[in-house]
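Work through the exercises below with the structure in view. Try each task before reading its solution.

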Amino acid sequence: MEQSMQAAYLPGNRKVELRTLPVPHPGHGEVLLRVKASTICGSDIRCIYHEHLGRGPERYQGVIAGHEPSGQIVEAGPGCRRFREADRVIVYHISGCGVCNDCRRGYMISCTNEKYRRAYGWQRDGGMAGYMIAEEKDLIALPNELSFADGAQVACGFGTVYEALEKIGINGNHSVLITGLGPVGLAAAALSRKLGARLIIGIDVVPERLHLAESLTLCDVVLKGGAENISQVRDLTSGQGVERAVECSANAAARAAAVRATRKWGKIAFVGEGGAVEFNPSPDLIHDQKTIYGSWVTSTWLMEELVERLVRWNLHPADIITHRFGLEKAEDAYALMASGKCGKVAICSDEELTLK
């Protein structure tokens with residue numbers, strides 16, 4: 001095994017800094033992973049890449065970037081009880097205290113212990129490196145049927161969407177509106193399809209994303225974002241609106257459209273981070289008996305369930321990866337992701353670079 005590795009840091013100002021570091025060694029209850037794939041999340045762009053704007057859980061503390069990694073264990077530290085050398089794993093990207101109420105439910109994302117809650121790529125070293133240390137309790141087994149790039153997608157984006165869809169419920173009786181067709185919105189469309197949605201409508205303002213959603217047959221109809229979207233959605237649904245909406249854009253107009261284009265008794269999930277929204281509670285929500293769910297990442301047990309279902313459905317999250325880069329080209333990868341003119345962008349090991 002190598003003695004040194006490259007690692008990417010995000011100093012702000014749209015820069016990526018590569019450093020050469022010694023390969024770390026796992027401590028008690030930890031494993032050392034050879035990182036095989038690590039994808040770039042929109043939250044990295046929003047809160048770290050341009051400028052360090054995050055506060056609280058989103059505060060970047062100058063660590064190795066990347067919170068969507070998957071890889072193979074090359075060394076298991078003392079005290080590990082389930083995973084061992086050569087196991088293929090996904091890293092659930094928040095390491096919680098393990099004993100607060102939220103952690104015991106599997107929702108380390110909501111860990112209430114400020115001293116021990118540390119997210120990979122935010123407050124502790126993440127996956128944009130040749131190797132990384134992860135705690136065994138944060139690992140999800142990656143089946144052989146899924147690639148490491150599939151696993152990286154599960155680590156955040158697909159896991160986050162699966163949580164939201166489970167909250168609002170999707171089945172064959174439902175038409176679904178997805179506002180924002182970035183990687184999270186594309187994941188919402190892919191999962192809605194497998195859950196049986198009868199009509200999937202996607203909205204975005206970026207032509208490349210609309211084309212991708214259409215070319216991958218993730219959406220039945222794609223609409224360019226605009227003031228006419230609500231009437232367009234109603235026209236596509238016999239004047240009633242959709243039964244379910246998933247808001248992934250964090251855009252104020254798109255959020256309002258998601259609420260207003262949902263029919264009576266419908267359910268809406270807000271997933272996109274940041275921004276604001278204005279709507280009129282009585283006509284837009286209360287009188288039509290609608291429900292809005294906020295949804296933040298997912299739990300470890302739902303992530304394990306998702307992995308099992310992906311194999312059953314023969315669904316590969318890596319299909320929405322449009323560009324793959326080696327770590328040495330991390331600066332190009334982040335710049336492309338920041339442009340928005342792509343699907344998902346991944347940093348991959350040599351063997352994952354050539355996979356489709």
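The exercises cover a sheet, two helices, the cores and one residue.

This is a predicted model: local features need pLDDT of at least 70, side-chain atom pairs count only at pLDDT 80 or more, and totals for chains, interfaces and linings use all residues. Residues are numbered from 1 along each chain as its sequence is written, and side-chain values use heavy atoms, with hydrogens and water left out.

**Exercise 1. Trace the open sheet and find its edge strands.**

Step 1. Strands (E, at least two residues) and helices (H or I, at least four residues) are DSSP runs, numbered from the N terminus. Two strands pair if DSSP finds at least two bridges between them.

Step 2. Six strands line up as S12-S11-S10-S13-S14-S15, with parallel pairing.

Step 3. The edges are S12 (221-224) and S15 (291-294), each pairing on one side only.

Step 4. Look at one pair. S10 (residues 175-179) and S11 (residues 199-204) share five bridges in the parallel sense. Thr179 has Ile203 in S11 as its bridge partner.

**Exercise 2. Describe how H1 and H10 cross.**

Step 1. Axes are lines fitted to C-alpha atoms, for helices over the stretch in contact; angles run from 0 to 180 degrees between N-to-C directions.

Step 2. The axes of H1 (residues 42-49) and H10 (residues 330-339) come within 10 Å and cross at roughly 100°. H1 is therefore roughly perpendicular to H10 (65 to 115 degrees).

Step 3. Contact means heavy atoms within 4.5 Å. Gly42, Asp44, Ile45 and Tyr49 in H1 meet Tyr334, Ala335, Met337 and Ala338 in H10.

**Exercise 3. Find the largest nonpolar core and the residues with the most contacts inside it.**

Step 1. A nonpolar core is a set of buried Ala, Val, Leu, Ile, Met, Phe, Trp, Tyr and Cys residues joined through side-chain atoms within 4.5 Å. Buried means under 20% relative accessible area, with a 1.4 Å probe and protein chains only.

Step 2. The largest core has 93 residues; Met128, Ile178, Leu191, Val246 and Tyr334 have the most contacts inside it. Helix H3 (residues 148-168) gives the largest share, 11 residues.

Step 3. Apart from this core lies another, of 13 residues, including Leu199 and Ile203.

**Exercise 4. Is Leu199 buried or exposed?**

Step 1. Leu199 sits in strand S11.

Step 2. Its relative accessibility is 14%, so Leu199 counts as buried.

Step 3. Beyond its neighbours within four places in sequence, Leu199 is in contact with residues including His174, Val176, Val221 and Leu236.

Key: Buried means under 20% relative accessible area, exposed over 50%, partly exposed in between (1.4 Å probe, protein chains only). Angles under 35 degrees count as roughly parallel, over 145 as roughly antiparallel, 65 to 115 as roughly perpendicular and the rest as oblique.
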